[in-house]
Amino acid sequence: MPKQATPAVVWVHGDSLSPTNPALLANPGAPAVWVWDEELLAQWQISRKRIVFIYECLLELPVAIRRGKVVPEIRQFMQEHAAQTIVTTASPSPRFRAICQELSGSFTLEILPMPALIPPQKHLDLRRFSRYWKVAEKVIYPR
Amino acid sequence: MRREFASRADLIAYVTQVFPGATGAVSETVGGRTVALEKLAALQPDRYGHSRNELEGAVTRLSPYIRHGVLTLAEVRDHLQAQGYAWAVVEPLLRQLAWRDYWQQLYEQWGDGIWDDREPYKTGFTAADYADELPQDIINGTTSLDCMDHFSRELQTTGYLHNHARLWLAAYIIHWRRVKWQAGARWFLSHLLDGDPASNQLSWQWVASTFSVKPYYFNQENLARFSRRKWCATCPHAAQTCPFRGSYEQLHKQLFPHAEASHSSRRLGTRR
């Protein structure tokens with residue numbers, strides 16, 4: 001039995017450019033896509049050296065490289081592969097959240113968590129780093 | 001888009017052609033998991049702990065890879081653990097990894113609110129007292145301050161600055177030139193290979209004092225010490241006209257005349 005009822009596509013974004021990211025690991029051989037977000041590149045005035053660096057990362061990943069508007073590009077990639085499920089990895093970026101929301105209207109979206117530096121805490125005070133560190137230092141390096 | 005390139009020069013030529021809006025130099029830092037793993041294997045946490053605040057110290061240069069998830073924070077930690085390092089050896093490095101995790105967790109909560117002042121400035125000034133735009137002489141590297149001009153050029157050509165140099169340059173922009181931290185943050189984000197909205201914007205806020213209890217600033221002695229007088233030795237301003245000359249107390253009075261008197265300053269190695 002295949003894992004998903006319909007073929008899955010992996011969407012790789014700029015917060016998880018490793019061939020071992022959880023979405024790629026869970027879906028070996030699945031078609032995968034990266035989209036250069038042209039709006040974001042313009043908005044942040046991303047310089048050429050940053051694009052070259054990211055491009056070099058992409059060349060070590062099994063992804064189709066596209067550019068333009070992210071949602072329509074992914075949509076088209078899904079159609080080309082007759083896929084209904086998108087698998088990707090979590091990101092705190094609000095832009096990521098907005099894209100996911102749009103995609104989840106038409107597709108099944110699976111967002112896999114990234115490996116955490118510290119285990120989830122019931123009470124984690126983020127008001128200052130010192131408060132965070134008081135908790136983190138006890139669990140960050142299990143001895 | 002293309003995936004096959006005969007050489008790095010070939011890739012660069014292609015990027016230049018298909019992204020005409022993206023300009024400037026190309027870094028010598030090469031992207032990808034292969035290089036990231038080599039750097040991870042070369043990590044020297046003991047030397048890092050002793051020398052990380054020095055510009056020539058044993059810093060890891062892992063940040064662009066971590067920023068883009070080429071390596072995860074957990075992987076770096078697991079690597080240290082597998083090598084069997086004692087806590088005392090790895091604590092300084094883990095603390096820096098934790099800073100990134102901390103910023104990411106705040107980003108999750110605040111979203112684009114990381115661009116807003118999280119708190120008022122504690123400099124005796126209000127946000128309205130700070131200029132909106134980065135002065136052209138800083139971008140052009142023509143302030144005539146050898147250290148700052150060097151940092152400006154290094155940022156724009158290599159996409160990297162040592163953490164201490166980032167803090168000095170940010171403090172110069174915000175506190176000496178009285179420019180809004182957002183202007184500096186936008187500039188850094190455009191150039192840094194590790195430019196991450198959370199780490200970048202919130203670190204700028206830490207320097208500005210809009211997300212910390214007091215502003216970060218430095219003096220000539222501090223910069224000279226951690227750069228081994230690299231610029232001060234030949235800078236024409238060093239002896240008389242350097243704006244960073246003086247004790248922390250003197251500089252506090254000059255920079256923040258309306259603020260409460262400073263009882264302690266923030267230097268690397270103490271609070272951060």
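## Worked exercises on a two-chain model

Read along the sequence, chain A runs β-α-β-α-α-β-α-β-α-β-α, where helices (H or I, at least four residues) and strands (E, at least two) are DSSP runs numbered from the N terminus. This is a predicted model, in which local features need pLDDT of at least 70 and side-chain atom pairs count only at pLDDT 80 or more, while totals for chains, interfaces and linings use all residues. Residues are numbered from 1 along each chain as its sequence is written, chains are lettered from A and ligands numbered from 1 in the order in which they are written, and side-chain values use heavy atoms, with hydrogens and water left out.

### Exercise 1: chain A as a whole

Describe the make-up, extent and burial of chain A.

Solution.
- Begin with the elements: chain A has 6 helices and 5 strands.
- Next, take the extent: the C-alpha trace spans about 50 × 45 × 30 Å along its principal axes.
- Now the burial: of the 143 residues in chain A, 51% are buried (under 20% relative accessible area; exposed is over 50% and partly exposed in between, with a 1.4 Å probe and protein chains only).
- For the surface, the accessible area of chain A is about 6,800 Å², and carbon and sulfur atoms hold 57% of that; such areas come from the Shrake-Rupley method with a 1.4 Å probe, and for residues only the protein chains shown count as cover.
- Finally, look at contacts (heavy atoms within 4.5 Å): among those in chain A between residues at least 6 apart in sequence, 59% join residues at least 24 apart.

### Exercise 2: a helix pair across the chains

Work out how α6(A) and α6(B) cross, and which residues make the contact.

Solution.
- Start with the geometry: the axes of α6 of chain A (residues 129-139) and α6 of chain B (residues 87-110) come within 10 Å and cross at roughly 125°. Axes are lines fitted to C-alpha atoms, for helices over the stretch in contact, and angles run from 0 to 180 degrees between N-to-C directions.
- That angle makes α6(A) oblique to α6(B), since angles under 35 degrees count as roughly parallel, over 145 as roughly antiparallel, 65 to 115 as roughly perpendicular and the rest as oblique.
- Then find the residues: F129(A), Y132(A), W133(A) and E137(A) lie on the α6(A) side, and those of α6(B) include W87(B), E91(B), R95(B), W99(B) and Y102(B).
- Sort them by class: this contact has 8 nonpolar, 1 polar and 4 charged residues. Here Ala, Val, Leu, Ile, Met, Phe, Trp, Tyr, Cys and Pro count as nonpolar, Asp, Glu, Lys and Arg as charged, and the others, Gly among them, as polar.

### Exercise 3: a helix pair within chain B

Set out the packing of α9(B) against α11(B).

Solution.
- Helix α9 (residues 163-176) and helix α11 (residues 197-208) of chain B pack at about 60°, with axes 9 Å apart.
- The two helices are therefore oblique to each other.
- On the α9(B) side, L167(B), A170(B), A171(B), I173(B), I174(B) and H175(B) meet W204(B), W206(B), V207(B) and A208(B) of α11(B).
- By class, the residues of this contact are 9 nonpolar, 1 polar and no charged.

### Exercise 4: two residues

Is R166(B) buried or exposed, and which residues does P19(A) touch?

Solution.
- R166(B) sits in helix α9 of chain B, and its 17% relative accessibility counts as buried.
- P19(A) lies in the loop between β1 (8-11) and α1 (22-26) of chain A; with a relative accessible area of 31%, P19(A) is partly exposed.
- Leaving aside neighbours within four places in sequence, P19(A) is in contact with L24(A), E60(A), L61(A) and R33(B).
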